[in-house]
Amino acid sequence: MSRRLLPVLLSLGLTGLVCLGVFGVIGCGEGSSSAPDTQASIKVSEVGQKCLDCHREYTPNIVLDWEGSVHATVEVDCSSCHGADHTSSADIHEVKTVTADTCAVCHQTQFDQFSKGKHALAWASMKAMPTTHWKPMELIDGMKGCGGCHKLGLKSEEEIRELKAQGSNHGFASCDACHTRHTFSVKEAREPEACATCHMGFDHPQWEMYSTSKHGVRHALKRDGKLPESAAAPTCQTCHMIDGDHEVRTAWGFLAVRTDGLAPYPGEDEEWWKDRVTILQALGVLDPEGKPTARLDVVAAADVARLTKESFDHEREKMLGVCSDCHSDAFAQGELEKGDQIIRQIDRLMAEAITIIAGLYKDGVLEKPENYAYPFPDLLTFHDSPTPIENRLFTMHLKHRMRAFQGTFHANPDYALWYGWSEMQQDLTEIKAMAEEMRARHAQGSQ
Ligand code: HEC
Ligand code: HEC
Ligand code: HEC
Ligand code: HEC
Ligand code: HEC
Ligand code: HEC
Ligand code: HEC
Ligand code: HEC
């Protein structure tokens, strides 16, 4: 397109001309048809107009996205978020980094809520894992693997400086995780698909579990118009972002461990408590003698486990309140208790498997790796654990244990049973067989 033509076209009203097909390349798709009523409703500052004029050529679909956003109607233009210091291809390095602080200037409420929730800690918790730095940096700081999802966590100025020094130029905004740039649409954020990219797959397949549960199926049918608009059908947001609250947290959390001041809670099943201690030892939070380690501070800082009964009960009450909007109290209570009971029973299986491998360390069949603090399996080394038997333990914990209890809470029978419980039984059988074989080989070797 000729640069000289642009101002003329603009004065004629660009959207109209685009739709008449003057620019063959751009067309008149979704972006422009869902745009606020007319071009007239778009408000832009003087400097913002300069950005638009040039970016219509370089990044036309970003401009279209913005034009379709509520921001375009309230004079929040390119320069409101990216600053006004870059005005040509020669000074692109002058573009201001957009972070959650940029949004906070105008959306303090959502920022404050978000900052108190677990999403804000996502970058820190990823970095806290003991072998994160062993992976290709593309997968971490390059935001392709772990970092691709955990980038929604807040980063310090120092962290952003370091990332930029390594060549990263995006992934700093946090707030674009559910309402993506440059539409920043509240409608998009309200749909369960907004969560799907991250809450899926190996160790947290909430998308798969939800979308095939009765809850998800009803939501899909409602959107298709097969069920009436009034049909009750919860989304992820109904249960986890009550009244649009951006502070997300659940009672059990990802790892489903609670420490409650490192003692059994009143009336608790004695065996369950012992099993949980074994799991906390394998998470490196308690040492093999059962005393708290330095890692407990890391876990506390990243809010990975509920440390008090109050914090657990607070989240549980909120959730019960949501279920009770559609179900009876007794039904809701009963369903959540089944989830708790599944955790008790999968903890039994986990503790047995951990104890078998800890025994191999104790009896010198397995040697302590140099980077391990204790001669004990370490679940947080993930797939970087040193032996096949420990790798099987990792899969049992992070893949199959997760699916068993998450499937129960998300009303998905197949995830609870076949992808969860059944797989854990198979893991345990195999770990037992591997351990026996290792012991036999060890005995032979030392004869
Ligand atoms: C004269 C043309 C021109 C003007 C005016 C202009 N830009 Fe750009 N801008 C560019 C070009 C060219 C690029 C690089 C595009 C590419 O890499 O494909 C760019 C890149 C960017 C980027 C991406 C930077 C990155 O690291 O990926 C942002 C954000 C941006 N511009 C915002 C603005 C804003 C805000 C304004 C107005 C204050 C503005 N631009 C004005 C031409 C311009
Ligand atoms: C409400 C804030 C906001 C407004 C307004 C805004 N941007 Fe952005 N922009 C962002 C965010 C957030 C990112 C992603 C930053 C990151 O990943 O670290 C981004 C990234 C970009 C990028 C680089 C990423 C890519 O996909 O290529 C370009 C180019 C860009 N914006 C151009 C523009 C232009 C042009 C406008 C005006 C039409 C604009 N932006 C308006 C917030 C905004
Ligand atoms: C300069 C002020 C300003 C900045 C900066 C800003 N916004 Fe907005 N935003 C507004 C205003 C004003 C509205 C319209 C009124 C409202 O909904 O609060 C709005 C609306 C929204 C909406 C609702 C859109 C809809 O579909 O109803 C979302 C979501 C949003 N902004 C997200 C963001 C995000 C994310 C950022 C940072 C990347 C950001 N905003 C930066 C002022 C701003
Ligand atoms: C597909 C997106 C995705 C990828 C890739 C990913 N994670 Fe996560 N991670 C998540 C989600 C979502 C959660 C929360 C799940 C839940 O609570 O069920 C999570 C939870 C965690 C937690 C627990 C946080 C807590 O407070 O409970 C840690 C630690 C973690 N991830 C580290 C990593 C590391 C290290 C990697 C790479 C080896 C990684 N993640 C890869 C999305 C991802
Ligand atoms: C986990 C997904 C998610 C993230 C991350 C997220 N939002 Fe939202 N946002 C939502 C949802 C869902 C809604 C709709 C809430 C409702 O139903 O009213 C929303 C609504 C909004 C609105 C519109 C509020 C209104 O009443 O119209 C603004 C503004 C907003 N978010 C800003 C932000 C800012 C700023 C951040 C970063 C600090 C952020 N969001 C991060 C999911 C998210
Ligand atoms: C009907 C309500 C409901 C819906 C819908 C729902 N969840 Fe959940 N979710 C729960 C309950 C209940 C728990 C367990 C709460 C507890 O620990 O007490 C949970 C737990 C979680 C957890 C923590 C780990 C886990 O899985 O147990 C994450 C993360 C999560 N949900 C994400 C999602 C996502 C993403 C969606 C949509 C794809 C979704 N949920 C849909 C009710 C729901
Ligand atoms: C960009 C990736 C991403 C998106 C999109 C995303 N999440 Fe998350 N979510 C995460 C990560 C990563 C964590 C773990 C945070 C941590 O390390 O503490 C998490 C944690 C959670 C938790 C807390 C679980 C616990 O430990 O108690 C809930 C609940 C949750 N997300 C719900 C949602 C919902 C609902 C949506 C959609 C509206 C959503 N998330 C969108 C990545 C994402
Ligand atoms: C917005 C309404 C709504 C909310 C909130 C809601 N549900 Fe449901 N739930 C339904 C509907 C409708 C069905 C489908 C009933 C059927 O299968 O006949 C259903 C089905 C179920 C089922 C499948 C078993 C069955 O036949 O009833 C379970 C389990 C369940 N819900 C548990 C919960 C729990 C636990 C919560 C809270 C964490 C919850 N629901 C929140 C509406 C809701």
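User: Which residues come nearest to ligand 4?

Analyst: This is a predicted model, and in it Cys146, Cys149, His204, Phe254 and Val304 come nearest, out of 21 residues around ligand 4. Two elements give two or more residues to that shell, namely helix 9 (122-128) and helix 10 (146-150). Helix 10 has the largest share, with four residues.

User: How do you know that ligand 4 lies between domain 2 and domain 3?

Analyst: Look at who supplies the shell. Domain 2 (97-190) gives residues to it and domain 3 (260-445) does too, so ligand 4 lies between them.

User: And what makes up the ligand 4 shell by class?

Analyst: There are 10 nonpolar, nine polar and two charged residues. Cys counts as nonpolar, so Cys146 and Cys149, both among the residues that come nearest, go in the nonpolar class.

User: Moving on to helix packing, why is helix 19 called oblique to helix 20?

Analyst: Helix 19 (residues 309-323) and helix 20 (residues 329-362) pack at about 130 degrees, with axes 9 Å apart. Roughly antiparallel needs an angle over 145, and roughly perpendicular stops at 115. The value fits neither, so helix 19 is oblique to helix 20. The crossing of these two helices is right-handed.

User: Which residues meet there?

Analyst: From helix 19 you have Met319, Leu320 and Cys323, and they meet Ala332, Gln333 and Leu336 of helix 20. By class, the contact of helix 19 with helix 20 has five nonpolar residues, one polar and no charged. Gln333 is the polar one, because Gln is on neither the nonpolar nor the charged list.

User: What makes helix 20 roughly antiparallel to helix 21?

Analyst: Again, it's the angle. The axes of helix 20 and helix 21 (residues 388-409) cross at roughly 175 degrees and come within 9 Å. The cut-off for roughly antiparallel is over 145, so helix 20 and helix 21 earn that label. Among the residues making the contact are Ile342, Ile346 and Met350 of helix 20, with Leu393, Met396 and Phe405 of helix 21. The contact of helix 20 with helix 21 divides into 13 nonpolar, three polar and three charged residues.

User: Back to ligands: what surrounds ligand 7?

Analyst: There are 24 residues around ligand 7, and Ser125, Cys195, Cys198, Thr250 and Gly253 come nearest. Helix 9, helix 10, helix 13 (193-196) and helix 16 (236-240) each give two or more residues to this shell, and helix 16 has the largest share, with three. The classes come out as 13 nonpolar, nine polar and two charged.

Definitions and conventions
Residues numbered from 1 in each chain as written. Chains lettered and ligands numbered in written order. Predicted model: local features only at pLDDT ≥ 70, side-chain atom pairs only at ≥ 80, totals over all residues. Near = placed C-beta within 6 Å. Domains from an automatic or database assignment. Axes fitted to C-alpha atoms, helices over the stretch in contact; angles between N-to-C directions. Parallel < 35°, antiparallel > 145°, perpendicular 65-115°, else oblique. Left-handed = near helix turned anticlockwise from the far one by under 90°. Contact = placed C-beta atoms within 7 Å.
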